[in-house]
Amino acid sequence: MARERSPERDEARRVWLESGGTMTARQIAEKVGAKPEQVRKWKSLDGWQAALEAQKPKRKRGGQPGNKNAAGAGAPVGNKNAETHGAYSTVRLCDLPPKQREYIEGITLDTETNMLAELQLLIAKEADLQNKITALEKGDPDALYIDRVVEMRTPKGTARLEQQREKLEALQREEDTMLWDMDGTEGKKPTRQQEKKLERLQREIAALQDTTGDKERELEREGYNVTMQTVIKASVFDRVMKLEAELNKIHGRIIKLLDSIKGYEMESRRVRLEERKYNLAKQKLSGAYDIDPDTGEINDEAEEPDELEI
C-alpha cells in the first residue's frame, strides 16, 4: 500500500511560493512543523523553483509597470520618432517650410485666382519635364541610371543568444540552490570553498546578463542581414519615355483646366446677362428707367437706379 502524502509537504510548498521564494528552509520548517532537512528535500523533489518561475509574469520589452526611469525625458510634443512612411501623420502649417506655408495661407475662395494659380503650377511642371528631357537627349546616349535597388534580407541568427539565455537560467538556478543550502546550515559559517564557488557563479551570471543584454539590443537595432542586392538601371531611352509619359499627363491636365476656365467664364457671362435682363424687366415694370447721361441708353446693370427719367 502506498504511503500517504504528508500534508506538511504541500503546505511547505504553498508557503514558499507565496513568499516569492524569500523564506529560508528553517523558517518554513518552523511554520509547518517539519525539519529543515526535510523541507530542502521536498524543494528538490517537487520542483519548487520551476513552479516559482512559472508563476512569475513574463518580462516585457521596454520599461516595466511603475518604473520612472524616463520621467521628464520623453520626446517633445509633435515629434515624429515613431513615424514610418508618414502617410497618416498629422500635418500642421507651422511644421511646413516658410514658402509652402505662405503659398497655402495665400489660397483664397476666389475661383479665378485659384484656377490661375493651378494653371501656373502645371505650366511650371511642364517646363521642368521638358528641361529634363532635353538634358537627357543632349547627354551620353549610352549612360545608365539607377531606377531602384532591391534587397533580400534574412533574420540574424539567434541560436547563440538562446544558448546564452539557457546557460544564464541554469546558473541562476544553481546559485539559488546553493544559497538555499548555505542558509540551512543551522548557523554554521559557509566554507571558503562554498564562498569561492558562489563568487564565481555570480561573476558568470553578471557577465552573461551583460552579454545577452548587448546582443538583444544589437538584434533590435539591426535585426536583418542583407544577403543579396539587385540594382535595376534604366537607359536614356527608358528615362525619356517615362518623362514624356508624365509630360503628356501634365499637358492633358492643362487642357482640361483651360476648358474649365473657359466654362467658368461662359457661365459668368451668362449670369451677368441674366442679371441685366432681370434689372431691365424690373425697370419696365416700375416704369422708371435708369438712363446713362453719357450715352443716353438704358443702364440695365444697376440694381438700384440713381437718376430716374420718365
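In this predicted model, helix α2 meets helix α3 through A25, R26, I28 and A29 on the α2 side and P36, V39 and R40 on the α3 side. Sorted by class, this contact has 5 nonpolar and 2 charged residues, with no polar ones. Helix α2 covers residues 25-32, and α3 covers residues 36-45. Two packed helices are described by the angle between their axes and the distance between the axes. For α2 and α3, the axes come within 8 Å and cross at roughly 105°. Angles of 65 to 115 degrees count as roughly perpendicular, and α2 and α3 are therefore roughly perpendicular to each other.

Helix α2 also packs against α1, which spans residues 7-18. Here the axes come within 10 Å and cross at roughly 130°. That angle makes α1 oblique to α2, and the crossing is right-handed. On the α1 side the contact is made by E8, E11, A12, V15 and W16, and on the α2 side by I28, K31 and V32. By class, the contact of α1 with α2 has 5 nonpolar and 3 charged residues, and again no polar residue is found. I28 is worth a second look in the structure: this α2 residue appears in the contact with α1 and also in the contact with α3.

W16, one of the α1 residues that touch α2, leads on to the aromatic side chains. How many aromatic pairs does a search of the whole structure find? The search finds 1 aromatic pair. Its members are W16 and W48, whose ring centres are 5.7 Å apart and whose planes stand at 35°, so the pair is tilted. Planes under 30 degrees apart would count as stacked and those over 60 as edge-to-face. The pair links distant parts of the chain, with W16 in α1 and W48 in helix α4 (residues 48-55), 32 residues apart. Are these two residues buried or exposed? Both W16 and W48 are buried.

For the protein as a whole, 21% of its 310 residues count as buried. The protein has 9 helices and 4 strands, and along the sequence these elements follow the pattern α-α-α-α-α-α-β-α-α-β-α-β-β. Among contacts with a separation of 6 or more, 69% are accounted for by residues 24 or more positions apart. The W16 and W48 pair, with its partners 32 residues apart, likewise joins distant parts of the chain.

Technical notes: Residues are numbered from 1 along each chain as its sequence is written. This is a predicted model: local features need pLDDT of at least 70, side-chain atom pairs count only at pLDDT 80 or more; totals for chains, interfaces and linings use all residues. Side-chain values use heavy atoms; hydrogens and water are left out. Rings of Phe, Tyr and Trp (its six-membered ring) pair if their centres lie within 6.5 Å; planes under 30 degrees apart count as stacked, over 60 as edge-to-face and the rest as tilted. Helices (H or I, at least four residues) and strands (E, at least two) are DSSP runs, numbered from the N terminus. Buried means under 20% relative accessible area, exposed over 50%, partly exposed in between (1.4 Å probe, protein chains only). Axes are lines fitted to C-alpha atoms, for helices over the stretch in contact, and angles run from 0 to 180 degrees between N-to-C directions. Angles under 35 degrees count as roughly parallel, over 145 as roughly antiparallel, 65 to 115 as roughly perpendicular and the rest as oblique. A crossing is left-handed if the near helix is turned anticlockwise from the far one by less than a right angle, and right-handed if clockwise. Contact means heavy atoms within 4.5 Å. Ala, Val, Leu, Ile, Met, Phe, Trp, Tyr, Cys and Pro count as nonpolar, Asp, Glu, Lys and Arg as charged, and the others, Gly among them, as polar.
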